[in-house]
Amino acid sequence: MRAPGPARAAALILFDIDGTLIRRAGPEHRAALEGALLRVAGLRATTDGIPVQGMLDRDILRAMLGAAGASRRVVEAEMAAIVREAQRLYRRTCPDLRAKVCPGVRRLLRRLLRRGVPAGLVTGNLSRIGWRKMERAGLRGYFRVGAFAEQGRTRAELAGRAAAEARRRGLIADGALVALIGDHPNDIAAARANGFLSVAVGTGVVALEELCAREPDILVEDLRGLDLEKLLCAVR
């Protein structure tokens, strides 16, 4: 008789990165995008004037290319190489981010780990950029799954992908519900599109009043104010 496998969790907690887990991470991310465009496509472009908060990295790159006058043909032909180069540059230049971790994050992640509740990432960062940030912030070991900019067209699609990966790997039980924690209205919309619990946190650039107007299920100033027991009861 086959021995029973490990118990599957009744909840999955997904996190955005920038503004939710870390903030004010420095200019290296934008510099990597700009450097990749210059090295691969020979174009000087910046993120100036692009509302990057809440956007996926590939969409930011497309906007930068468009602003620099690149044709659609160039965008499609060069995008894969630009994505690879941006990730290579960022991994080389990413600073120590341990001092940039948002209030309450480490405590919450430790408590989830002790409770056996898996945590995952849903982010507009490219994958090697997102994981590198987690490494340099000292948070990498807490996360079991992740969905990143190159894996989907929208944040809602990425959130669904992360939950599907957790189910495929047997991390969560059939019928387990999911919470998505983020600092931007796009995170709230992504949670709602998938039927997930939405948790909005005011550690990013979006004011609490604007987040409140989007009617998340839970709204906190920072993750020190998140009642874990209330959260886990809500997602059962």
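Visitor: How many salt bridges does the count come to?
Guide: This is a predicted model. A bridge needs a side-chain nitrogen of Lys or Arg within 4 Å of a carboxyl oxygen of Asp or Glu. By this rule, the count comes to 16 salt bridges.

Visitor: Which residue forms a salt bridge with Glu85?
Guide: The closest N and O atoms of the pair are 2.7 Å apart. Both residues sit in helix α3 (residues 72-93), 3 residues apart, so about one helical turn separates them. The partner of Glu85 is Arg88.

Visitor: Is Glu85 buried or exposed?
Guide: Buried means under 20% relative accessible area. Glu85 has 15% relative accessibility, so the label is buried.

Visitor: What is the N to O distance between Asp59 and Arg62?
Guide: Asp59 and Arg62 lie 3 residues apart in helix α2 (residues 57-67), about one helical turn. Asp59 is partly exposed at 30% relative accessibility. Arg62 is partly exposed too, at 31%. Their side chains meet in a salt bridge, N to O, at 3.4 Å.

Visitor: Which residues are linked with Arg155 in a network of salt bridges?
Guide: Arg155 carries a positive charge, and Asp counts as negative. The network links Arg155 with Asp16 and Asp187.

Visitor: Which class fits the ring pair of Phe15 and Phe143?
Guide: The ring centres are 5.9 Å apart, and the planes stand at 80°. Planes over 60 degrees apart count as edge-to-face. The pair is therefore edge-to-face.

Visitor: How many residues apart in sequence are the parts that Phe15 and Phe143 tie together?
Guide: Phe15 lies in strand β1 (residues 9-15). Phe143 lies in strand β3 (residues 143-147). Phe15 is buried at 0% relative accessible area, and Phe143 is buried at 4%. The parts tied together are apart in sequence by 128 residues.

Visitor: What is the angle between the planes of Trp131 and Phe148?
Guide: The two rings form a tilted aromatic pair, 5.3 Å centre to centre. Trp131 is in helix α5 (residues 127-137), and Phe148 is in the loop between β3 and α6 (155-168). Both Trp131 and Phe148 are buried. The angle between the planes is 55°.

Visitor: What is the relative accessibility of Arg110, one of the residues in the patch of positive charge?
Guide: Arg110 gathers on the surface with Arg106, Arg107 and Arg114. Its place is in helix α4 (residues 105-115). Patch residues need over 30% relative accessible area. Arg110 counts as partly exposed, with a relative accessibility of 38%.

Definitions and conventions. Residues are numbered from 1 along each chain as its sequence is written. This is a predicted model: local features need pLDDT of at least 70, side-chain atom pairs count only at pLDDT 80 or more; totals for chains, interfaces and linings use all residues. Side-chain values use heavy atoms; hydrogens and water are left out. Patches are made of residues with over 30% relative accessible area and no salt bridge: like charges are joined within 9 Å, nonpolar side chains (Val, Leu, Ile, Met, Phe, Trp, Tyr) within 5 Å. Accessible areas come from the Shrake-Rupley method with a 1.4 Å probe; for residues, only the protein chains shown count as cover. The place of a charge is taken as NZ of Lys, CZ of Arg, CG of Asp or CD of Glu. Helices (H or I, at least four residues) and strands (E, at least two) are DSSP runs, numbered from the N terminus. Buried means under 20% relative accessible area, exposed over 50%, partly exposed in between (1.4 Å probe, protein chains only). Rings of Phe, Tyr and Trp (its six-membered ring) pair if their centres lie within 6.5 Å; planes under 30 degrees apart count as stacked, over 60 as edge-to-face and the rest as tilted.
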